[in-house]
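Student: Please take me through the aromatic ring contacts here, with the cut-offs spelled out.

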Amino acid sequence: MKGYAVEVFFILAGNNLPSGVIVDSTLAIAIDDEVVASFYHDASNFSNYQYNQSIYSNSSMTNTNHTISVRTSGEVQSLILFDYLTYT
């Protein structure tokens with residue numbers, strides 16, 4: 001991606017899924033292979049899926065090519081439901 005701004009959106013799960021299903025998310029966001037942010041979602045606070053949820057935004061990047069990755073972090077399993085990203 002080439003640009004100077006990015007925003008990453010996820011679908012976040014709620015606590016209405018069957019017992020034993022992974023619903024929490026512990027994530028690390030990296031730009032150009034450098035972790036720049038972390039994100040945690042505790043599904044117990046929500047009853048349904050939440051769509052179009054921004055998990056990361058940055059509008060101060062240099063206007064060059066970049067790679068962006070979102071990975072699980074920590075020792076527990078995490079749910080990853082990528083929705084979309086925007087960049088300019």
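Tutor: Happy to; here is a close look at the aromatic pairs. This is a predicted model, in which local features need pLDDT of at least 70 and side-chain atom pairs count only at pLDDT 80 or more, while totals for chains, interfaces and linings use all residues. Residues are numbered from 1 along each chain as its sequence is written, and side-chain values use heavy atoms, with hydrogens and water left out.

Rings of Phe, Tyr and Trp (its six-membered ring) pair if their centres lie within 6.5 Å; planes under 30 degrees apart count as stacked, over 60 as edge-to-face, and the rest as tilted. That rule gives three aromatic pairs, among them Phe9 with Tyr84, which is stacked at 4.4 Å centre to centre with 15° between the planes. The partners sit 75 residues apart, with Phe9 in strand E2 (residues 6-12) and Tyr84 in strand E8 (residues 82-87). Strands here are DSSP runs (E, at least two residues), numbered from the N terminus.

For exposure, buried means under 20% relative accessible area, exposed over 50%, and partly exposed in between (1.4 Å probe, protein chains only). Phe9, at 10%, therefore counts as buried, whereas Tyr84, at 30%, is partly exposed.

Another pair is Phe10 with Phe82: the ring centres are 6.0 Å apart and the planes stand at 90°, so this one is edge-to-face. Phe10 belongs to strand E2 and Phe82 to strand E8, so the pair ties together parts 72 residues apart in sequence. Phe10 is buried, with a relative accessible area of 2%, while Phe82 is partly exposed at 47%.

Key
Helix = DSSP H or I, 4+ residues; strand = E, 2+ residues; numbered from the N terminus.
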